[in-house]
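Hi,

Here is the structure I promised to pass on. Have a look at it first, and then read my notes underneath.

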Amino acid sequence: MRICRTLDNRTCLIEGNEIVDVTGALRALPSCSYPFPRHDKLIADLDRLRPLFNEQLRTGARSNLDGLALTAPVANPGKIVAAPVNYRKHLEEARSDIGISFGNQVAEIKQVGLFLKATSSVVGVSEGIMLRHADRRTDHEIELAVVIGTEADRVHRDDALQHVAGYCIGLDITLRGPEERSLRKSVDTYTVLGPWLVTADEIGDPSELELSLLVNGKQRQKASTAHLIMPIPELIEFASSYYTLFPGDVLLTGTPEGVGPVVAGDVISASISRIGTMTVGVGTA
Ligand code: MN
C-alpha cells in the first residue's frame, strides 16, 4: 500500500498513477486530547485502518496523481534518528574532503553512534528545501527512510523488521561546518520525506534497494542498501538499545558516496527502487 498526504491535509492511497482520498477513514482513529501522544496516530493504527483503506480503494472515486501537492507522509514523527556514516565509500570521501568533514573526526557508525534531527525540519516533496546560511556549502544526502510501526525497545535484529511500518525516500540536507551535526541538519526543510510511504509488505527485504540522486539531471549518487555498513535490522537493534522507537519515528539509514552541494534554483531528483522518484526544488529561505 502506498500512502501519501497532501498539503491541504488529505490522506490518499496511490495505485499506479491514480489516487483515492481516504481521509474519511481516519475518523476510525481513536480520539485523543491534551496532552497529545508523541507518536504518529495514523502509523500506530495502520493495521486497524488497512481494511477501511482497502474498502475505499475498491469503491472510492479516483483522480490523477499528477500535480498533487504532497507533504511528508508521516505527519507527527516523534523523533528522526539518523545514521551519520553508514556506507564505506562515503566514509572514505568524507575523510578525504575537508569540505565535507570540516576537520571533524569522521568515524563509522559503530564508533560515533546515531544523532537526532529536529522533527521541525521535516517537509514533503512539494514544500521543497529552503536554504539558510546559503553562503556556506549545503549538501544533498539521499537515504532510505525507515518508518517504525510498533514500539521497539531493545529488540534483536532478527525481530527488527517486524517493527517497520514502511519506507520512503529521505533527503538529509546538511549544512557543512564545524558545528554539531544535529544543528547543521535540523534547519527547517532539511529533512525531506516522500514522495509517499510504501508499506513494509510491498517492499519485503530492504537489503538490496537501489538509490539514485540527480541534481539538474546529472547523476551524483548511485548505490545500493546492500552496501550499508550497519544493515537495517542491526540499525534498529542498535537504536532501540538506547531509546524506545515509537510508531512514526523515522530512521534515516545513512547516505552513500557522491554527496555534493546544492544551491538555490537546483532541482533534485531522488529515486529508490520499489518506492519511486521524488523531484524536489531548492530555494532560499
Ligand atoms: Mn545523512
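Let me start with a question: is Asp-172 buried or exposed? Asp-172 is buried, as its relative accessible area is 0%. Bear in mind throughout that this is a predicted model.

**The metal site**

Asp-172 is one of the residues that coordinate the manganese ion; Glu-141 and Glu-143 are the others, with carboxylate oxygens at 2.0 to 2.1 Å. Along the sequence the donor residues follow the spacing E-x1-E-x28-D. Glu-143 sits in strand β11 (residues 142-148) and Asp-172 in strand β12 (residues 164-172), so that pair links distant parts of the chain, 29 residues apart. Glu-143 is buried as well.

Have a look at Gly-254 while you are there. Gly-254 is in the loop between β17 (250-252) and β18 (260-261), and its relative accessible area is 0%, so it counts as buried. Leaving aside residues up to four places away in sequence, Gly-254 touches Ala-83, Asn-86, Tyr-87, Ile-142 and the metal ligand Glu-143.

**Salt bridges**

The search of the whole structure turned up 23 salt bridges. Asp-172 appears here too: its side chain meets that of Lys-117 at 2.6 Å, N to O. Lys-117 belongs to strand β7 (residues 115-117) and Asp-172 to strand β12, so the pair ties together parts that are 55 residues apart in sequence. With 4% relative accessibility, Lys-117 is also buried.

Another pair is Arg-176 with Asp-139, where the closest N and O atoms are 3.0 Å apart. Arg-176 comes from the loop between β13 (174-175) and α7 (181-184), while Asp-139 is in strand β10 (residues 138-140), 37 residues apart. Both Arg-176 and Asp-139 are buried. Through shared partners, salt bridges join Asp-97, Lys-117, Arg-137, Asp-139, Glu-141, Asp-172, Arg-176 and Lys-185 into one network. Two members of that network, Glu-141 and Asp-172, are also manganese ligands.

**Two domains and what lies between them**

The domain assignment gives domain 1 (2-71) and domain 2 (80-284), with C-alpha centres 24 Å apart. The contact involves 16 residues of domain 1 and 21 residues of domain 2. Together the domains bury about 1,400 Å², with 58% of that on carbon and sulfur atoms. On the domain 1 side, Arg-2, Ile-43 and Leu-70 supply 45% of the area buried against domain 2, more than any other three residues.

Two salt bridges cross this interface. As for Arg-2, its salt bridge is with Glu-202, the closest N and O atoms being 3.1 Å apart. Arg-2 is in strand β1 (residues 2-6) and Glu-202 in helix α8 (residues 200-203), 200 residues apart. Glu-202 counts as partly exposed, at 36% relative accessibility.

**The nonpolar cores**

The largest nonpolar core has 57 residues, and Ile-129, Leu-171, Ile-236 and Ile-275 have the most contacts inside it. Helix α9 (residues 232-240) gives the most to this core, with five residues. Domain 1 and domain 2 both give residues to this core, so it lies between them. A second, separate core has 27 residues, including Ile-3, Leu-13, Leu-46 and Leu-49.

For a view of the larger core, try Ile-236: beyond residues up to four places away in sequence, it touches Ile-148, Val-155, Ala-160, Val-164, Leu-245 and Leu-251.

Cheers

Terms used: Residues are numbered from 1 along each chain as its sequence is written. This is a predicted model: local features need pLDDT of at least 70, side-chain atom pairs count only at pLDDT 80 or more; totals for chains, interfaces and linings use all residues. Side-chain values use heavy atoms; hydrogens and water are left out. A nonpolar core is a set of buried Ala, Val, Leu, Ile, Met, Phe, Trp, Tyr and Cys residues joined through side-chain atoms within 4.5 Å. Buried means under 20% relative accessible area, exposed over 50%, partly exposed in between (1.4 Å probe, protein chains only). Helices (H or I, at least four residues) and strands (E, at least two) are DSSP runs, numbered from the N terminus. Domain bounds come from an automatic or database domain assignment. Contact means heavy atoms within 4.5 Å. Donors are N, O and S atoms within 2.8 Å of the metal (3.2 Å for Na, K and Ca); water is not among the atoms, so sites may look incomplete. Buried area is the accessible area (1.4 Å probe) that two parts lose on being put together, summed over both. A salt bridge is a side-chain nitrogen of Lys or Arg within 4 Å of a carboxyl oxygen of Asp or Glu.
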